[in-house]
Each structure stands twice: as C-alpha cells, then as structure tokens.
Amino acid sequence: MSLTELTIADAASGLRARKFSAVELVRAHTDAIAALNPRLNAYITTTADEALKAAQQADEVLAKGEARSLTGIPLGIKDLFCTNGVRTTAASNILKNFVPPYESTVTANLLRDGAVFVGKTNLDEFAMGSANITSAFGPVENPWKRNGDDAALVPGGSSGGSAAAVAAGLAMGATGTDTGGSIRQPAAYCGIVGLKPTYGRCSRFGTIAYASSLDQAGPMARSVRDCAIMLQSMAGFDERDSTSVNCDVPDYSAAVGRSLKGLKVGIPAEYRAEGLSAEIAAAWQQGIEWLKAAGCEIVDVSLPHTKYGLATYYIVAPAECSSNLARYDGLRFGERVPGDTLDAMYEATRRAGFGPEVRRRIMMGTYVLSAGYYDAYYLKAQKVRTLIRRDFTEAFQKVDVLLTPTAPTPAFAQGEQSDDPVQMYLNDIFTVPASMAGMPAMSVPVGLGATGLPLGLQLIGRPFDEETLLATGSALEQAAGFTHRPAIRAEAAK
Amino acid sequence: MTYTIEGKTGAWEIVVGLEVHAQVISHSKLFSGASASYGGEPNTHVSLVDAGFPGMLPVLNQECVAQAIRTGLGLRARINLESRFDRKNYFYADLPTGYQISQFTHPIVGEGTVEIELADGTVRHIGITRLHMEQDAGKSMHDQDPARSFIDLNRAGVALMEIVSEPDIRCPEEAGAYLRKLRQILRYLGTCDGNMEEGSMRADVNVSVRKAGEPFRTRCEIKNVNSIRYVMHAIEVEATRQIEVWEDGGEVDQETRLFDPSRNETRSLRSKEDAHDYRYFPDPDLLPLVVEQEWVDELERALPELPDDKRDRFIKEYGIPRYDASVLVAEQAIADYYEEVAKGRDARLAANWVTGDLFGALNRTGRTITDSPISAAALGGMLDLVSDKTINGKIAKEVFEDMLETGDSAAAIVERKGLKQVTDTGAIDAAVADVMARNADKVEEYRGGKDRLFGFFVGQVMKAMAGKANPAMVNEALKKVL
C-alpha cells in the first residue's frame, strides 16, 4: 500500500519493522503536498525542510529502539496552534506574518511523542466558519467530487484544511479545534474521523482563542484508532490553562474495538430536524441497525432544548470572540496600519486585518454584551446553556452514548450557501449542542450518499468518557467498512 | 459639629466616598509569573501573558489571593468564599489584551469597616462596601518623542486591590484620616506599601453636596488623586464648585473629573454620555475562585496585631494616654521600637522620650525610625540611668544629644563627661553655703518674705555644680539653711 494511504497505527508498526524509514514516510507526504496543495490549498504554510530534518532524527530514534507513539508520523497542524518559530496566522491578514516564540501545549505534546509536522493547515479565519471560505489565504477545496460533477466542494470548517489534508493523504492525521463543530463537520464532509474531546481535556494554552468557553482541540485522522493514538498524546492537564481538568488520561487505544454488549445508545428525537436530507436520515437509520447488531440497546431520548442551541451559540461565541480578538490592535505584534490617532490606527488596522465574517461576529458579540442588551442576550444565553447541559446530563442517566447525524447535508459547492450567513450557520445545528454542553463528540464516516459524497454520524458521550465514543465509533467504522477515498488524493495523483 | 460649606443659600454638607487602588505586594503579577517589582527598565517585567500574545492564558497567583483575604480580614470585612473574575473591555494602548480582568459582580471581600480618629478625638466608623482584585494596566508615555507615544508594560498585570468605601465621609479631614488609617492597616498587614508617590496607592474620590436632611444628590468622580493632601483639597474644591452650580440654578452632571493641584480646580474628563460601555462578562479563561474557610482561618491566625488592637493594648498595658498610644502605633516599626524601650522600664517615661525627643531628633536629622541614630536598646540604657538616679532629667537631655552625635552609649557619655549625679550631701551643703555667702542680699530678701527667690537659689546651686546635683537633695539642703 502507498505510504500516503496508511493509517497512523500501521505506519507506526511499519516504521518499527523497518519496512520504510521515517524519511521515506515524511517525504511521501511532503511530495504529495507539493503536488496537490496548489490545488487544494489545505496548507497555509508548509515546512517540508524542517519535516525532513525531523524525520532523520526520528529514524535515529527508531534505530535506537526508543520510538514513542508518534515517532516519524507526519501530521498537519491547524494554523490556530502556535508553533515555535513557525508562522501562525489563524488564516487572518492581521497575523499573516506572525511567528510565535512559543509552542502550544497540544503541539508540544505531539512533538514530545515524536510527531513530525509537515505544515500549518488552512482554516476559516480565526476558526469562524463552516466551509473554510473565510480564510484570508483563500478557500480550501474538498478532495471529494460529486458523481459526474467537477465543481469544487467545500471541505467544511473551520478545520477544513486539516480535514482535506488528511482525506487527500497530505498528512496521516491533523489537529483540529472545535468550537461549535469545527472538527466534526469537516470530518464528515471529507470522509474522515474527527473527535472533539470534553471541554478541559486538552489544554488551550498557545491555541489562538475564538470562544474560550467552547474551544477544544482534537484529533482528525483516517481511522478511529488513529484518533485514539493522537488524543493520547494531545490530552492532559496543563497548569497553564486554568480550565484544563486534572484527571487521568486513560488508555484510549484500549477502548477501540471494545465490546458494545449492553451499551445503551440514545437517539434524540429533536435531531430529526427539518432540512435533514433523506440520505443522511437513511445513514442514521443504518447506524442504528449496526449498533443494534453489535449488541447495543437503542433508547429514544429527548434533548428538548436542542432547538435553542444554535441561537445560544451565536450569542455566546461572538460575545467571547469580541473580547478575545481585542488584542489584535496592531500594537505589539501582527500587522499595523498607521493612523493619525490611536483610534484611527485601531480602526485602520482592524478593518484591513479582519475579514467580513470575523468583523460580523465581533459586531454581534459587542452588541450582545452592551449595557442594556446584556441581560436579554448574553445572560439569557448562559441560562439556556445551562438547560442544554441539563438535557444531556438527564439523557446520560438513561443512556451511555448518543447517536445523531453530524451535519444536515453532505458537502456543498463553493458559493452554494455563502450568500446567507444564517443558512451557513445551520450547518452546525447538530454539532453545536454538544459544544455548548462541553460533552465529547466524534464524527465517523459511515458511507457515501446519493451523489457519492461521504456522510458522517456523530456520537456524543458523557464528560471525559471519550473511551465509549472510541469503542462505539470503531464498531460503526467496522460495520460500515468505509474504504472509499476521494477523487483527489496523493495516490491517485501519481 | 457637622462640617459644612457656607453658600449663598445657606450651609451645605458634603458627601464623599473613596475608591482606593492599592497595589498588592507580591513577587509576581496577578495572572503571570513576571516580576511585580516597581521600577526596572521599561518592558523588562513583561511575560507573553502580560503582553496579550495569541493563545496566552491567565493563571491566578495564589499569593495575591492570600493578600486580598488578609486585607479583607484587616478591614474586619466579610470574605466571600466564592468570587469571580470578569473582563472589563476597552481599547487602550497600554491595555494589551483589550480588557482588564477584574472582579466586577462577585468580589472576594464584602462589607467591612474602618475606624478613624479625628484631631479633636472624635471616633467615626467608615463603612467598606467591598474589596476586589484586578489587574493594573501598563503606562503610556507621551512626553518622550514629539510624534510617538511609548508604552511600558512593566506594570501591566500587576495585582491591585480596589477598596471601595461607603459614602460615609463628611469632610476633608475625615477623608484624610480614612486614607491614613487605610494605609496604616495595609502596611501593618504587609499587603501594600501604601506609597502614593510611586503610585502604589491611588484614590478615586466621589463627591456630592446636599442640604442637611436631604437624600444624596448627583456625584462626580475625581480620578486618580495621588496624595492625601490632594484628596483633601480636591474634595473642598469640587464641593465648592458643585455648590456654585446648584446655587446658580444649574444641575451637577454625573461625570468623571480630574483634579489639577497647580490651579486648584477640577476639570471635566468625560461626561456620563461619553462613559465607556465596558461590556463586563465573566472571564471564560478563569474558573470561579473558591477558597476554603480553613484557609481563611489559617490566614487570620497568622495576621499581625492590627493598629487599633495595638493601641488599645498599649493604653492598657503601658498606662499611656490614648493620644500617645495612637502616635506610637502609627507605624509598626515605631510601635516595635517603643515596646523595646518600654519593656521593663517606666513606660510613660519611655513614651515621652520616644514621642518627644526621639521624634524631634528624627525630624531634625531627616531619618525614620528604622534608621534611627539611637537604637531602642541605647535609649533604654539611658532611661535606666535616669531611673537609678545616675543622672537627672536635665542631664539626660544632654546625654541624649551626645548619643545622637557620637553614637556612644549613655553610660559611656556619663563616664566620659563626668555627668554622674552628685548625691554627696557634703558637696551639696558646701555649694549651698557658698551661694548663700555670695548672695547675702538675696538671702535677706527671701527671709523678708520674697518666697519666689527659692528658685533662684536652686538655680545658682545647680549652676555651681554644673547641673549634676540631685535636684531633690538641693531643695532639701536649701530649705534647711534658709
């Protein structure tokens, strides 16, 4: 099998068995990036030279028999994680030349375990978007094609570059961040696995903030097991992030393939929403049958406040972002546009530095926090958020995991939904509630729809029970036997 | 007597509340590991967190929390076991993140009280509304370059305590007494150095005026006044301005003003309409701050004796007047000095010497108690010589001056100068006889009923004996022969 088609688990054994070297493995990926990135635009910054150097070191470590879980594995890093000495842009003009002198905790953990970073992946500007079309560095193209249609499709967002890179074989895995669905929805659109851990599981230190109470880093890869391997490395308490949680990190790989006998799977009635495409409804039903066959008990549950999820999210997330993005003022780092007064400089800098979607969310957030509106919007949203969390807590008294669709539709074409921001926001309707509640959730590809595009199902678990997600996800993965690959991929490009 | 200002329409009362920003004494800043020490080259005490770099997160410094709790306890205030940090959002060049982290809705310390004493001995209690923790901003320097401003972030992120009083203050003197007392408590606790010149303590002054018996009228806030004297001036100036506005038929606008000491006036900084909308909301990077009652108890047990308690103890233990006790507890170091002098000695005499001659000497030499040229042990040694009648009170003054100059011990000076008090009756009698002989006319006058001359004879004898005679024995001897 081609090196760009391997899973992380298989590549790790291949490296240990000396079937190929880390340099060969990494070079296969950097070559693929050189060949395909001009079209896909999955990476903002590529670091082939550094990656090959790191691969040589990985080979030395392998030769000494001191390999760690990710030694020599080429990964893409969402360009929201600060990487020491490597430009980190958040896909924004305001940071287009920003080179952090520090490493995020999550990427430091991956480096500790031997991972090789091949580049910084594209995203929606400051992770705000669902189609990866708001990037200042241009849109990412989904490597999948509709049957008989060459239209460029969106990869989903905001971790669209990561999803496209992993799907196309430009990385074996990639980091994503998920605020309202930014790992799960692009994973579904690109036919890969994406896991958003429990809020507090991975440190946010060194990750550029969008909405602090929601942002959570997670793995994106081509198998459930690969996500488990990556999460093992990424997760853990960090005293530099007060919201990271000090609890043990279990052996995630051990959960993969675990028996599901007697597991109670909840099916929330409220996710049978309007606008759910027939093919996704069918995939959902198929998922239910597979889990039944794996020994699960299917239980109907209700999450009555689901319908308020999206509205609440679009109050809380912009509110936090309006404050989080205030530091981009052109003074200490980032791009500056001069002005005659301090205020004029702020205005010019931020007008030139931020794209329309970021500006929209800053304006919304500023509005909902303003005197006179705070109670009606922000405070109310926080109360509803508590109710959404309670819905999940109550459901998890009856069931162990929830199964829902990840997104209402498969990937759409660039330009198809971008005129109406509210229509765009609806892509996150199924992913936002788990984000608001801080629950862990995962998207697993389960098949192709009528037009030949991948469809994903979402699993939502109890706080810090990523293991049940991985166990259930691997059962779906196995039952689905999802081996489809996108039209544009490294192997096919040869 | 209520303090009032006389206007055209009669007497006006003033109503004042103070918001004091006190910089917390701590090694590092409120949410970062950077040094919180004063001074340093610009931008040398700055971490990536303080500079608001992308992805940086605040981590609460527990020592600052302990300091806030100690201060709360010192203000006899309620400690809130659960408090919260909010973001106060505004753009300014010396505010790197674009928001200040502050405890807006849920402060760590609730209601308390501060006892103040006025010059006439009146004691009043000023209510404390709350104390909360917040970050300081950096410093903008506009005078370094004709076209550019410079920013120093050394102070950015340093922990401040904002201590808010109730509008209980009714005159400039009370405001001064309150600030001095607050500073005294903070210094005793070691939670703030109270140095207003360096800006580690600053006050925002809320002032309004009213006729007796009225509810509160509109107030103005005078920002960032940096000395106690200026606070007292500002209150008077602002109250007078407001009275004029009201009496001219106008309305006082709620606004923020600045005090200009050089022109002795306040000027409008911004009106209520221009007031910032700070868009406060809970900081999502920080969890609610929960402290255990056991920890608060532990901090309380370790608190030093507070000034009021010390004053009361001095009155009781040393039998000194309340006024002297208040003076002696003004600073911890003075109180410690006094106690060392007083221990095992005549405590009243010790109090007189410390508050009288020693303070005078410190004033003259521009020293403070901590670098006093005469140590407590040395002053005590001198008092011992007075008590055992080696020297008398008058000679003691001479010895004290010599100690100040030479640093020698009292005993050494007495020895060197031969100042030992003469108690030899023979020598005294001889001196008396000599004085009588040389002043035969005065003796006649005295015996003729001019009693006032007794003092003259005492003086002459003492002079003859170079002041060293035991005054009681001189009296005795004179009475005998006269």
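## A two-chain predicted model

Take the contacts of chain A between residues at least 6 apart in sequence: 78% of them join residues at least 24 apart. Two residues are in contact here if their C-beta atoms, placed from the backbone, lie within 7 Å. In chain B, 67% of the contacts between residues at least 6 apart join residues at least 24 apart.

This is a predicted model, in which local features need pLDDT of at least 70 and side-chain atom pairs count only at pLDDT 80 or more, while totals for chains, interfaces and linings use all residues. Residues are numbered from 1 along each chain as its sequence is written, and chains are lettered from A and ligands numbered from 1 in the order in which they are written.

How confident is the predictor? Chain B averages a pLDDT of 93, and 100% of its residues score at least 70; pLDDT is the predictor's confidence in each residue, from 0 to 100. For the complex, the predictor gives an ipTM of 0.96 and a pTM of 0.91.

**The two chains side by side**

| Chain | Helices and strands | Span along principal axes | Buried residues |
|---|---|---|---|
| Chain A | 17 helices, eleven strands | roughly 65 × 55 × 50 Å | 60% of 494 residues |
| Chain B | 15 helices, 16 strands | about 95 × 55 × 50 Å | 39% of 482 residues |

Helices (H or I, at least four residues) and strands (E, at least two) are DSSP runs, numbered from the N terminus. A residue is buried if 20 or more other C-beta atoms lie within 10 Å of its own, exposed if 12 or fewer, and partly exposed in between, with C-beta atoms placed from the backbone.

Chain A has a radius of gyration of 21 Å, which agrees with the value near 23 Å for a compact globule of 494 residues. The radius of gyration of chain B is 30 Å, well over the 23 Å that the globule rule gives for 482 residues, so chain B is more spread out than a compact globule. This radius is taken over C-alpha atoms, and the globule rule is 2.2 Å times the number of residues to the power 0.38.

Chain B is divided into domain 1 (5–298), domain 2 (305–417) and domain 3 (425–481), with bounds from an automatic or database domain assignment. Taken over C-alpha atoms, the centres of domain 1 and domain 3 of chain B are 67 Å apart.

**Where the chains meet**

Here 34 residues of chain A are in contact with 24 residues of chain B. On the side of chain A that touches chain B, α10 (309–324) and α11 (342–353) of chain A each supply at least two residues. The largest share, three residues, comes from α10(A). The residues on this side of chain A divide into 16 nonpolar, ten polar and eight charged. Ala, Val, Leu, Ile, Met, Phe, Trp, Tyr, Cys and Pro count as nonpolar, Asp, Glu, Lys and Arg as charged, and the others, Gly among them, as polar.

**Inside the model**

The largest nonpolar core has 234 residues, and Leu75(A), Val116(A), Tyr178(B), Val205(B) and Ile235(B) touch the most other members. Such a core is a set of buried Ala, Val, Leu, Ile, Met, Phe, Trp, Tyr and Cys residues joined through C-beta atoms within 7 Å. Helix α2 (residues 172–189) of chain B gives the most to this core, with nine residues.

Glu466(A) lies in helix α16 (residues 466–480) of chain A. Is Glu466(A) buried or exposed? Glu466(A) counts as buried because it has 29 C-beta neighbours inside 10 Å.
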